[in-house]
Amino acid sequence: MNKFVPAKPAGTRSVDEITGSRRLRRMRKADWSRRLVQENRLTVDDLIWPIFLTGGSNVREPIDAMPDVFRLSIDQAVREAERAAKLGIPALATFPNIDARRKDVTGSHILDPDNLINAATRAIKAAVPEIGIITDAALDPFTSHGHDGILRDGIIVNDETVEQVAAAAVLQAAAGSDIVAPSDMMDGRIGAIRDALDANGFQDVAIMSYATKFASAFYGPYREAIGTQGLLKGDKKTYYIDHANSDEAVREAEQDLAEGADMLMVKPGLPYLDIIRRLKDEFRVPTFAYQVSGEYSMIKAASANGWIDGEKAMLESLLALKRAGCDGILTYFAPRVAEILKG
Ligand SMILES: NCC(=O)CCC(=O)O
Ligand SMILES: [Mg+2]
């Protein structure tokens, strides 16, 4: 048996000498003192709730890879919008699961003024005018290949895609969208959308830029939700940012602000806290994170297995995004968080 007894070095310092009596545990000693010095807080006002739309009526389709998230027909989306407004959630973001028969190589159905996105915006705005509506002008829900742009000879064609995205943004504004949020990462789309909105009298419609959308493995469950899994050939690395890069994210954000973005978004959220902090420090503009489907599903799955406390992990992940500098967060947890925060 090895009996090693550490010697107390001669002249050893006391903890008071080591810390200079600066004991940081003092303020952590009770709930009241922890509350008193808490630097960041999560509130209902920080939440944007992304919801999935589908055709039909009275439909609530579960999404296997996203427990407790549903594809909603428009009437159900209106009911959820009413619930969200009652909970005090400021805004919804809508994402459609488009019938495969409406998809084509150019995503032309995005230019139908009565497509699922636009019809849902009209219905929600009519029933719940006080909630903000954020719409995505990207083509991926509408293309037969699942890419966010027009695909020709194996290339995602930038400029034609931008023209179509800008036209789609105007139709979304005409339907009542308050914020257009293009998630496609084509070059020049923010300026083109701003010009198109202004030329059509939609000066008050804002743009939230998915300025730094990274090529990420965390979007998997979302692709099941909008029905593009299985369609996508290849990857999106020619338009989303390489997740190894940070300076490039700053350049993307700088450019989108110069083109007229009102708000920036970082996506995904938790693996990109450094990017959020850099953008907030650099530009001091309203900055949002998208806690994406894979982040949501990881917490739900670990929680379902009893490996973590799901609700605590949910709240901690969102507060971490606030601490990194976010003004708000798109999260599938929004209604549950709002219920908890409202007590
Ligand atoms: N345009 C919206 C998304 O791509 C969301 C991704 C996700 O939640 O994984
Ligand atoms: Mg860009």
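**Exercise 1. Place L197 and describe its surroundings.**

With 23 C-beta neighbours inside 10 Å, L197 counts as buried (buried: 20 or more other C-beta atoms within 10 Å of its own, exposed: 12 or fewer, partly exposed: in between, with C-beta atoms placed from the backbone). Before going on, note that this is a predicted model, in which local features need pLDDT of at least 70 and side-chain atom pairs count only at pLDDT 80 or more, while totals for chains, interfaces and linings use all residues. Residues are numbered from 1 along each chain as its sequence is written, and chains are lettered from A and ligands numbered from 1 in the order in which they are written.

Step 1: find the element. L197 sits in helix 6, residues 189–199 (helices are DSSP runs of H or I with at least four residues, strands are runs of E with at least two, numbered from the N terminus).

Step 2: list the partners. Setting aside neighbours within four places in sequence, L197 is in contact with A169, V170, A173, F202 and V205 (contact: C-beta atoms, placed from the backbone, within 7 Å).

Step 3: take one longer distance. From C-alpha to C-alpha, L197 and A119 are 19 Å apart in space, with their positions 78 residues apart in sequence.

**Exercise 2. Work out which residues of helix 6 are buried and what covers them.**

Step 1: the buried residues of helix 6 are R189, I190, A192, I193, R194, A196 and L197.

Step 2: their cover includes helix 5 (158–175), strand 8 (179–180), strand 9 (206–213) and helix 8.

Step 3: look just past the helix. Helix 6 is followed by G201, which has a positive phi near 85°.

**Exercise 3. Describe how helix 8 packs against helix 9.**

Step 1: get the geometry. Helix 8 (residues 247–259) and helix 9 (residues 273–283) pack at about 45°, and their axes are 10 Å apart (axes are lines fitted to C-alpha atoms, for helices over the stretch in contact, with angles from 0 to 180 degrees between N-to-C directions).

Step 2: classify the angle. That makes helix 8 oblique to helix 9 (under 35 degrees is roughly parallel, over 145 roughly antiparallel, 65 to 115 roughly perpendicular, and the rest oblique).

Step 3: name the residues. From helix 8, A249, V250, A253 and L257 meet I275, R278, L279, E282 and F283 of helix 9. By class, this contact of helix 8 with helix 9 has seven nonpolar, no polar and two charged residues (Ala, Val, Leu, Ile, Met, Phe, Trp, Tyr, Cys and Pro are nonpolar, Asp, Glu, Lys and Arg charged, and the others, Gly among them, polar).

**Exercise 4. Do the same for helix 9 and helix 11.**

Step 1: the axes of helix 9 and helix 11 (residues 310–324) come within 8 Å and cross at roughly 30°.

Step 2: helix 9 and helix 11 are therefore roughly parallel to each other.

Step 3: L273, I276 and R277 of helix 9 make the contact with A320, L321 and A324 of helix 11. These residues divide into five nonpolar, no polar and one charged.

**Exercise 5. Characterise E252.**

Step 1: E252 lies in helix 8.

Step 2: with 22 C-beta neighbours inside 10 Å, E252 counts as buried.

Step 3: not counting residues up to four places away in sequence, E252 touches A211, T212 and I241.

Step 4: check the record. An unreviewed UniProt entry places the feature "binding site" at E252 (positions follow the numbering used here, feature names are shortened, and annotations may be inferred rather than shown by experiment).

Notes:
Two residues are in contact if their C-beta atoms, placed from the backbone, lie within 7 Å.
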